[in-house]
Amino acid sequence: MIKNLKLIIEYDGTCYHGWQRQKKDTTIQGEIEKALEMITAKRIVITGSGRTDAGVHACGQVASFHCDTDLMPETFLKGLNTLLPEDIVIRECRQVENTFHARYNVKSKIYHYKTYNHPVPTAINRS
């Protein structure tokens with residue numbers, strides 16, 4: 001049965017070259033797709049609601065993917081969080097209508113920018 005699954009993702013992007021999969025660099029999309037392939041033994045392409053640059057964090061990034069599977073969303077949630085590095089967490093996985101698309105069904109995006117403007121660097125909250 002083909003399911004359309006929606007993920008809510010949180011990540012610390014410090015060690016990544018952004019969201020979008022790249023041939024030679026480690027990315028959030030690439031790491032999640034590798035984990036999905038380990039779970040399903042199929043190549044799965046996920047679509048994010050948007051892209052982030054290198055080093056950028058997210059606390060509610062939405063992604064979706066279609067998969068021919070009998071696995072339940074809870075199985076994907078547990079499996080992904082077991083296989084992914086600790087700086088990428090799947091907060092939610094649920095089945096959505098077949099027409100849902102993470103990029104085209106976005107209603108809003110919220111960005112937070114933090115600037116530390118001081119002559120002495122900080123050891124905490126560097127990124």
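**Figure 1. Aromatic pairs in the predicted model.** Two aromatic pairs are present in the structure, which is a predicted model. In the pair formed by phenylalanine 65 and phenylalanine 76, the ring centres lie 5.7 Å apart and the planes meet at 65 degrees, so the arrangement is edge-to-face; the angle qualifies because planes over 60 degrees apart are assigned to that class. The two residues are 11 positions apart and the pair links distant parts of the chain. Phenylalanine 65 belongs to strand β3 (residues 58–68), whereas phenylalanine 76 belongs to helix α2 (residues 73–83). Phenylalanine 65 and phenylalanine 76 are both buried.

**Figure 2. Secondary-structure elements of the chain.** Two helices and four strands make up the elements of the chain. Read from the N terminus, their order is β-α-β-β-α-β. The C-alpha trace spans about 60 × 30 × 25 Å along its principal axes. Among contacts with a separation of 6 or more, 68% join residues that are 24 or more positions apart.

**Figure 3. Cysteine 59, an exposed residue.** The structure holds zero disulfides. Cysteine 59 takes part in no disulfide, and the nearest cysteine sulfur, which belongs to cysteine 15, is 18 Å away. A disulfide requires the two sulfur atoms to be within 2.5 Å, so this pair is not counted as one. Cysteine 59 has a relative accessibility of 64% and therefore counts as exposed, because the class begins over 50%.

**Figure 4. Cysteine 67, a buried residue.** Cysteine 67 is likewise in no disulfide. For cysteine 67, the nearest cysteine sulfur is that of cysteine 93, at a distance of 10.0 Å. The relative accessibility of cysteine 67 is 3%, so the residue counts as buried; the class covers values under 20%.

**Figure 5. Surface and charges of the chain.** Of the 127 residues in the chain, 38% are buried. The area exposed by the chain is about 8700 Å², and 51% of that area is supplied by carbon and sulfur atoms. The chain carries 17 positive and 14 negative charges, and the mean positions of the two sets are 5 Å apart.

Technical notes: Residues are numbered from 1 along each chain as its sequence is written. This is a predicted model: local features need pLDDT of at least 70, side-chain atom pairs count only at pLDDT 80 or more; totals for chains, interfaces and linings use all residues. Side-chain values use heavy atoms; hydrogens and water are left out. Rings of Phe, Tyr and Trp (its six-membered ring) pair if their centres lie within 6.5 Å; planes under 30 degrees apart count as stacked, over 60 as edge-to-face and the rest as tilted. Buried means under 20% relative accessible area, exposed over 50%, partly exposed in between (1.4 Å probe, protein chains only). Contact means heavy atoms within 4.5 Å. Accessible areas come from the Shrake-Rupley method with a 1.4 Å probe; for residues, only the protein chains shown count as cover. Lys and Arg count as positive and Asp and Glu as negative; His and the chain ends are not counted. The place of a charge is taken as NZ of Lys, CZ of Arg, CG of Asp or CD of Glu.
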